[in-house]
Amino acid sequence: MNEHKPLQENQTLHKRRPRYSGTHPRHFSEKYKELNPEKYADTVEKVIRKGGTPAGMHIPIMVKEILDFLQIQPGQQGLDATLGYGGHTRKMLERLQGRGHIYGLDVDPIESVKTKERLRQAGYGEDILTVKQMNFAEIDNVAAETGKFDFILADLGVSSMQIDNPERGFSYKSDGPLDLRLDPAHGIPASERLKELTKEELEGMFVENADEPCAAQIAAAVKKEERKGHAVETTTALRHVIEGVLSGLPEKEKKETVKKTCQRVFQALRIDVNSEFEVLDAFLEKLPSVLKPGGRVAVLTFHSGEDRMVKKSFKRLAREGVYQQISTDVIRPSAEECYQNGRARSTKMRWAIRSHDGGEEGVR
């Protein structure tokens with residue numbers, strides 16, 4: 001007769017990997033190999049080779065173009081204003097060759113901890129890398145402690161780790177709470193924001209943040225669900241509302257239209273919940289004051305609203321003599337990169353170089 005012995009204090013139960021039906025895992029939590037890139041490097045490489053992004057990872061976009069422009073030299077001090085998975089930071093650290101320092105900022109308390117540990121394990125200690133959990137609108141506070149920067153990068157895209165994890169509520173493709181907060185510890189989730197706003201305010205937000213053509217119908221449908229006692233609290237519920245609004249479309253165009261509309265509506269909500277336009281405006285206004293003379297900044301944008309803000313700010317400050325040179329056209333990822341990483345397709349890069357003298361009156 002077998003006797004079950006009690007666990008000792010230093011023993012833990014063996015945790016089985018997630019089970020899944022079929023030959024390939026479909027849900028985020030089931031992709032245990034992709035979520036452990038150090039242990040299953042072959043699987044991760046295979047996913048990337050096929051043009052996918054492994055679960056829990058983020059593939060840095062336009063690395064070559066960024067490094068070519070920033071012209072990072074050993075001994076310089078730089079800032080990655082949006083640390084994310086740390087892919088760009090790691091490549092910039094390599095250019096320092098062990099001399100200099102990079103500060104990485106990220107408002108996400110979940111991913112910033114993981115990225116810091118990942119970069120520490122890669123050999124980048126406190127002597128060359130400092131990670132701060134803070135919003136990049138606070139770059140002036142960082143510079144007050146560190147001094148000005150030789151180079152700055154701001155990648156304004158949401159990281160794949162956030163999009164892919166259904167618990168964060170960033171994607172209409174997976175069921176989860178309609179949250180969309182970059183920092184889940186602050187602010188209110190998107191589900192609460194939908195309840196807060198009137199139909200007219202919702203419509204205005206969908207138009208202003210994402211140029212949504214069906215803004216009025218979607219806003220009305222959300223409020224109708226609330227009146228029926230079915231508040232829109234999950235990603236799936238919001239997708240169903242959008243599908244209902246577009247139900248009268250011909251079948252041949254319905255699928256693609258639903259996809260594009262969901263992308264715009266979720267984008268609009270994410271921008272609103274995280275005050276992204278206000279944060280970006282603060283960053284752009286403070287940017288010249290934290291750059292050294294001749295300092296370089298590159299910004300990656302992913303939708304027209306962001307790009308317009310960056311373009312207007314760079315142009316205005318160039319006219320005022322604050323920037324000695326700015327990009328006249330957007331730089332886009334190569335066709336090859338877009339093929340290998342579908343999430344790169346909407347990326348636009350703009351850059352600016354701080355003047356060596358003059359233009360101080362344009363800095364606020």
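This is a stop-by-stop tour of one predicted model, with a selection to make at each stop.

**Before selecting anything**

In this predicted model, local features need pLDDT of at least 70 and side-chain atom pairs count only at pLDDT 80 or more, while totals for chains, interfaces and linings use all residues. Residues are numbered from 1 along each chain as its sequence is written, and side-chain values use heavy atoms, with hydrogens and water left out.

**Stop 1: the whole chain**

Show the protein chain as a cartoon. The chain has 14 helices and 7 strands; helices (H or I, at least four residues) and strands (E, at least two) are DSSP runs, numbered from the N terminus. Of the 364 residues, 49% are buried, where buried means under 20% relative accessible area, exposed over 50% and partly exposed in between (1.4 Å probe, protein chains only). Among contacts between residues at least 6 apart in sequence, 70% join residues at least 24 apart; a contact means heavy atoms within 4.5 Å.

**Stop 2: the sheet**

Select the strands. All 7 form an open sheet with mixed pairing, in the order E3-E2-E1-E4-E5-E7-E6; two strands pair if DSSP finds at least two bridges between them. E3 (129-132) and E6 (323-326) stand at the edges with a single partner strand each, so one side of each has no neighbour in the sheet. On average, neighbouring strands are turned by 15° against each other, direction ignored.

Next, select residues 77-80 and 149-155. These are E1 and E4, which run parallel and are joined by 3 bridges. Aspartate 80 is opposite leucine 153 of E4.

**Stop 3: strand E7 and arginine 350**

Which strands are joined to E7 by bridges? E5 runs antiparallel to E7, with 6 bridges between them, and E6 is also antiparallel to E7, with 3 bridges. In the pairing with E6, glutamine 325 has isoleucine 353 of E7 as its bridge partner. E7 is mostly covered, with 6 of its 7 residues buried.

Now select arginine 350, which is in strand E7. Is arginine 350 buried or exposed? Its relative accessibility is 8%, so arginine 350 counts as buried. Valine 299 stands opposite arginine 350, and Val299 is also among the residues that arginine 350 touches, together with Val297, Ala298, Asp307, Val310, Lys311, Phe314, Ser327, Asp329 and Val330, not counting residues up to four places away in sequence. For a distance label, pick isoleucine 331: its C-alpha is 6.6 Å from that of arginine 350, and the two are 19 residues apart in sequence.

**Stop 4: helix H12 over the sheet**

Add residues 276-290. This is H12, which lies across E4, E5 (291-301), E6 and E7 (348-354) and runs at about 150° to E5. Axes are lines fitted to C-alpha atoms, for helices over the stretch in contact, and angles run from 0 to 180 degrees between N-to-C directions.

Step back to serine 275, in the loop between H11 and H12. Serine 275 has a positive phi of about 50° although it is not a glycine. With a relative accessible area of 32%, serine 275 is partly exposed.

**Stop 5: helices H2 and H3**

Select residues 63-70 and 87-96. H2 and H3 pack at about 40°, with axes 11 Å apart. The pair is therefore oblique (angles under 35 degrees count as roughly parallel, over 145 as roughly antiparallel, 65 to 115 as roughly perpendicular and the rest as oblique). Show side chains: Val63, Ile66, Leu67 and Leu70 of H2 meet His88, Lys91, Met92 and Arg95 of H3.

Glutamine 71 is in the loop between H2 and E1. Its phi is near 50°, a positive value in a residue other than glycine, and at 42% relative accessibility glutamine 71 counts as partly exposed.

**Stop 6: the nonpolar cores**

A nonpolar core is a set of buried Ala, Val, Leu, Ile, Met, Phe, Trp, Tyr and Cys residues joined through side-chain atoms within 4.5 Å. Select Leu178, Leu202, Phe206, Val222, Leu238 and Leu269, which touch the most other members of the largest core, a set of 31 residues. The elements giving two or more residues to this core are H7 (190-196), H8 (199-210), H9 (215-227), H10 (235-245) and H11 (251-273). The largest share, 7 residues, comes from H11.

Centre on leucine 178. Among the residues that leucine 178 touches are Pro189, Leu194, Val232, Leu238, Phe266 and Leu269. Finally, select Tyr103, Phe136, Val142 and Leu317: they are among the 30 residues of another core, which lies apart from the largest one.
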